[in-house]
Amino acid sequence: MKKIPISFVINGKKKEMAISPNITLLELLRDHLGLTGTKKGCEAGECGACTVLMNGKAVNSCIVLAPQINGKSIQTIEGLGIESSLHPLQRAFVEKGAVQCGFCTPGMLMSLKALHDESPHANQDDIKRSISGNLCRCTGYQQIVEAAEVAFKRRN
Ligand code: FES
Ligand code: FES
């Protein structure tokens with residue numbers, strides 16, 4: 001298939017490349033950019049493991065076609081924080097034991113990051129709603145919600 005040129009910003013850096021028009025954003029991230037922090041789960045928009053931010057909004061990257069990101073800004077878990085400088089949400093996840101197997105964690109964090117940026121005064125219901133599309137098989141969600149509340153309170 002003929003490749004098409006796209007230009008976008010990924011974790012703050014401008015990138016131009018030629019891609020097959022039929023690949024998903026998830027495939028672009030993992031298979032072409034080496035950003036494997038974004039997880040591949042259901043590949044059907046159901047589990048939230050692949051959540052990234054597109055122009056600040058949380059999207060399931062498995063159901064976004066890569067050409068759709070042309071001219072847009074994408075943030076993945078690799079752009080959130082690093083070990084020596086964790087994002088407040090990451091720090092709270094560690095403190096509250098909100099990570100078990102970790103498979104859902106990047107997607108959870110990106111969904112919460114969108115809320116954290118958009119709604120500084122979000123309450124517990126807002127937090128629960130923001131991760132309603134993110135499945136976790138391990139934690140029972142309680143620790144995740146508590147961690148998010150801690151991070152949001154610290155911010156306010
Ligand atoms: S892998 Fe995208 S929603 Fe499950
Ligand atoms: S920590 Fe294992 S799926 Fe959420």
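Two strands count as paired if DSSP finds at least two bridges between them. With that in mind, the hairpin in this predicted model is a good place to start. Strand 3 and strand 4 form the hairpin, with two residues between them. In the turn sits Asn55, whose phi is positive, at about 50°. The two strands run antiparallel and are joined by four bridges. Two facing pairs can be picked out along the hairpin: Val52 stands opposite Val59 in strand 4, and Leu53 stands opposite Ala58 in strand 4.

Strand 3 also has a partner in strand 5. This pairing is antiparallel too and includes two bridges. Here Leu53 appears again, with Gln75 of strand 5 as its bridge partner. Leu53 is therefore a handy residue to look for in the structure, as it faces Ala58 in strand 4 and is bridged to Gln75 in strand 5.

These pairings belong to a wider arrangement. An open sheet of five strands follows the order 2-1-5-3-4, and its pairing is mixed. At the edges stand strand 2 (13–19) and strand 4; each has a single partner strand, so one side of each is left without a neighbour in the sheet. On average, neighbouring strands of the sheet are turned by 40° against each other, direction ignored.

Which residues of strand 3 are buried on each side? On one side they are Thr51 and Leu53, and on the other Val52 and Met54, so that both faces of the strand are covered. A general pattern helps in reading this: in a regular strand the side chains alternate between the two faces of the sheet.

Helix 3 is the next element to find. It covers residues 105–118, 14 residues in total, and reaches 20 Å from its first C-alpha to its last, close to the 20 Å expected at 1.5 Å a residue. Helix 3 packs on the sheet, touching strand 3, strand 4 and strand 5, and its direction makes about 35° with that of strand 3.

Why is helix 3 described as largely enclosed by the rest of the structure? The reason is that 12 of its 14 residues are buried, where buried means under 20% relative accessible area. Among them are Met108, Leu109, Lys113 and His116. The cover over the buried residues of helix 3 includes strand 3 (51–54), strand 4 (57–60) and strand 5 (73–75), together with helix 2 (88–96), helix 4 (124–130) and helix 5 (142–155).

Definitions and conventions:
Residues numbered from 1 in each chain as written. Chains lettered and ligands numbered in written order. Predicted model: local features only at pLDDT ≥ 70, side-chain atom pairs only at ≥ 80, totals over all residues. Heavy atoms only, no water. Expected span 1.5 Å × (residues − 1). Buried < 20%, exposed > 50% of the residue type's maximum accessible area, 1.4 Å probe, protein only. Contact = heavy atoms within 4.5 Å. Axes fitted to C-alpha atoms, helices over the stretch in contact; angles between N-to-C directions.
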